[in-house]
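Me: I'm new to this one, and I'd like to understand how its labels are earned. Could you walk me through some of them?

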Amino acid sequence: MMNLRVATAAPGVRVLGGGVARVPPRPWALRGRRRLSVRMSVATTEAATAVGASEDQELEARNSKTVVAVILGGGAGTRLFPLTKRRAKPAVPIGGAYRLIDVPMSNCINSGINKVYILTQFNSTSLNRHLSRAYDFSNGVAFGDGFVEVLAATQRPGTEGKRWFQGTADAVRQFDWLFDDARAKDIEDVLILSGDHLYRMDYMDFVQSHRQRGAGISICCLPIDDSRASDFGLMKIDDTGRVISFSEKPKGDDLKAMQVDTTVLGLSKEEAEQKPYIASMGVRWRFPTANDFGSEIIPASAKEINVKAYLFNDYWEDIGTIKSFFEANLALAEQPPRFSFYDADKPMYTSRRNLPPSLVNNSKITDSIISHGCFLDNCRIEHSVVGVRSRIGSNVHLKDTVMLGADYYETDAERGELLAEGKVPIGIGENTTIQKCIIDKNARIGKNVTISNSEGVEEADRISEGFYIRSGITIVLKNSIIANGLVI
């Protein structure tokens with residue numbers, strides 16, 4: 001099997017292959033010249049050789065053709081439930097028009113990486129459908145000589161083969177035979193990424209750093225302050241940036257012991273004082289019995305391998321809970337936003353829907369995102385994200401709400417028939433007020449409804465009525481019906 005070294009990242013993790021070749025300096029012939037000319041020629045030639053070698057090494061360090069990305073489809077997504085009731089975490093919609101999987105996929109495309117595997121296990125139907133539509137060779141994003149393949153959890157002959165994925169590392173390990181495949185003959189570097197993070201990153205900067213420093217493992221890390229440090233796995237580094245220890249979500253004195261001088265990684269002295277910790281989400285499968293990267297493999301690797309830290313000092317968010325999902329979406333509507341999908345040089349890709357522009361009639365919209373193909377009639381939208389194909393009726397007020405939209409339109413005739421029968425069409429009925437809410441796809445919210453959680457309930461399961469409450473946020477279920485006049 002191919003000998004693989006590993007690099008890991010906070011927003012994503014990369015595994016680097018052994019035996020990276022270095023292009024030797026070009027030979028230069030110097031013959032038959034006078035002494036002075038030879039001296040001048042030697043000086044010029046040495047400089048040219050150094051420049052040529054430097055350029056070759058720079059190009060090689062940026063070469064993405066030997067890189068393959070492996071995107072982890074995530075576990076059962078219990079902390080993101082009920083959004084993960086029928087979909088994998090990477091398939092959860094975000095930003096009104098995207099899905100979480102579009103983030104690492106787009107980062108790969110923008111980094112020039114066109115060989116991608118996606119490992120899935122839980123509720124993968126909608127994820128598979130989206131990937132086939134958005135990143136298919138024939139009608140999606142062009143991948144040239146690359147590929148995008150879904151690797152579903154499967155059982156194999158033998159006792160060990162009866163197990164499903166036991167963790168992030170085990171998921172990769174069960175498919176390590178792919179690197180013996182003929183198509184992988186040129187693969188030296190494996191980039192392991194999470195499918196449920198929000199960030200924009202040039203992965204080849206990370207790859208280049210790892211190659212040039214000759215590390216056994218490189219871990220991309222995020223500088224953080226005291227307020228968030230105990231929520232992450234933290235790393236301790238020496239003055240060369242080598243990782244010497246790892247602690248999973250430490251607290252108290254153990255947390256203080258993990259403070260490091262982050263100027264070593266490039267932070268200014270002022271910012272380093274504010275952010276004295278570095279957080280990691282690391283990956284490696286060298287250890288045959290370890291199942292998880294972050295809690296098992298990275299700590300063990302730091303004890304015996306040259307592990308280097310790579311600083312990613314930009315926006316990054318783990319969309320792992322209902323609260324983080326809600327806050328990350330609403331942050332997109334802030335002015336200025338902490339993260340934006342609008343970047344002409346490094347766009348975020350998604351499936352082509354061929355939807356018309358949204359139709360807005362006599363409505364007031366402030367600090368919000370309105371996606372394609374929506375119908376807004378005489379309503380007020382404040383600090384909200386409205387997804388594709390959403391229909392919002394007259395005198396509706398949305399505030400601090402994430403509406404995921406709909407998968408299809410109902411015709412005017414169908415909507416009229418439903419209303420005539422006293423039923424609820426897809427969308428939000430007139431005279432409804434909604435605040436601090438996530439509305440999943442195809443939800444039918446009736447007239448004169450109030451969703452505000454005025455009693456401040458933190459957790460509730462009201463399945464029969466079509467909603468849950470998590471961390472004080474009301475989640476209206478996919479395909480659910482909220483009856484006319486209901487107050488939540």
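Me: What makes the contact between the side chains of Lys275 and Glu271 a salt bridge?

Reply: Happy to help! Keep in mind that this is a predicted model. The N to O distance between the side chains of Lys275 and Glu271 is 3.5 Å. The cut-off is within 4 Å, so the pair is called a salt bridge.

Me: Why is Lys275 called partly exposed?

Reply: Its relative accessible area is 23%. Partly exposed covers what lies between the buried limit of under 20% and the exposed limit of over 50%, so Lys275 belongs there. Glu271, with 21%, is partly exposed as well.

Me: How do you know that Arg87 and Asp440 form a salt bridge?

Reply: Their side chains meet at 3.1 Å, N to O, and that is within the 4 Å cut-off, so the name fits. The pair links distant parts of the chain, 353 residues apart: Arg87 is in the loop between strands E2 and E3, Asp440 in the loop between strands E24 and E25.

Me: Are those two residues buried or exposed?

Reply: Arg87 has 5% relative accessibility and Asp440 has 3%. Buried means under 20%, so both are buried.

Me: What makes Arg444 and Glu410 a salt bridge?

Reply: The closest N and O atoms are 2.7 Å apart, within the 4 Å cut-off, so they qualify. Arg444 lies in strand E25 and Glu410 in the loop between strand E22 and helix H11, so parts 34 residues apart in sequence are tied together. Arg444, at 15%, counts as buried, and so does Glu410, at 9%.

Me: How many salt bridges are counted?

Reply: The count comes to 17.

Key
Residues numbered from 1 in each chain as written. Predicted model: local features only at pLDDT ≥ 70, side-chain atom pairs only at ≥ 80, totals over all residues. Heavy atoms only, no water. Helix = DSSP H or I, 4+ residues; strand = E, 2+ residues; numbered from the N terminus. Buried < 20%, exposed > 50% of the residue type's maximum accessible area, 1.4 Å probe, protein only.
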